[in-house]
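Thank you all for coming; I would like to take a few minutes to walk through one model with you. Please have a look at the sequence and the structure first, and then I will go through the contacts, the core and the charged pairs in turn.

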Amino acid sequence: MVNGRTVLERFPAGGPRGSWPAEEFAHARRQEGLAAEVVMDLASDTFLVIVRGGEAAVDMVVA
């Protein structure tokens with residue numbers, strides 16, 4: 001967890017579908033009850049799927 005956020009998954013920004021894979025992953029996590037959202041990490045040029053404030057499930061594997 002960094003700055004009150006847990007990163008669930010990372011997706012390269014240069015992919016041919018842009019942020020779609022990250023948005024699809026976040027949508028699936030929201031269907032599971034997590035308040036997942038997509039943010040851009042400019043330093044690494046990646047889309048991150050995160051949950052704020054430690055909302056990630058205890059049994060979820062964190063990337």
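When I say that two residues are in contact, I mean that they have heavy atoms within 4.5 Å. Please keep in mind throughout that this is a predicted model.

With that meaning of contact, let me start at valine 49, which touches Thr6, Val7, Leu8, Glu9, Phe11, Ala22, Phe25, Ala26, Ala36, Glu37 and Val38, once residues up to four places away in sequence are set aside. Valine 49 also belongs to the largest nonpolar core, a set of 10 residues that includes Leu8, Phe11, Ala13, Ala22 and Ala26. The elements that contribute two or more residues to this core are β1, α1 and β3, and β3, with three residues, gives the most.

Turning to the strands, β2, residues 37-41, runs antiparallel to β3 and is joined to it by five bridges, and within this pairing valine 38 stands opposite valine 49. The two strands form a hairpin with four residues between them, and in the turn aspartate 45 has a positive phi of about 55°.

That turn residue brings me to alanine 13, which is placed in the loop between β1 and α1 and, beyond its neighbours within four places in sequence, is in contact with Gly18, Met40, Asp45, Thr46 and Phe47. Alanine 13 and threonine 46 are 33 residues apart in sequence, yet their C-alpha atoms are 4.8 Å apart in space. Is alanine 13 buried or exposed? Alanine 13 counts as buried because its relative accessibility is 18%, and the cut-off for buried is under 20%.

Now to the charged side chains, where the count comes to three salt bridges. Glutamate 37 pairs with arginine 52, with the closest N and O atoms 2.8 Å apart, and this pair links distant parts of the chain, since glutamate 37 is in β2 and arginine 52 is in β3, 15 residues apart. Both partners are partly exposed, glutamate 37 at 27% and arginine 52 at 41%.

Glutamate 24 and arginine 17 form another salt bridge, at 2.7 Å from N to O, and arginine 29 meets glutamate 32 at 2.9 Å. Arginine 29 counts as buried, because its relative accessibility is 13%, and arginine 29 also lies over the face of phenylalanine 25, at 4.3 Å from the ring centre.

Notes. Residues numbered from 1 in each chain as written. Predicted model: local features only at pLDDT ≥ 70, side-chain atom pairs only at ≥ 80, totals over all residues. Heavy atoms only, no water. Lys NZ or Arg CZ within 6 Å of the ring centre and 35° of its normal. Buried < 20%, exposed > 50% of the residue type's maximum accessible area, 1.4 Å probe, protein only. Core = buried A, V, L, I, M, F, W, Y, C linked by side-chain atoms within 4.5 Å. Pairing = 2+ DSSP bridges. Salt bridge = Lys/Arg side-chain N within 4 Å of Asp/Glu carboxyl O.
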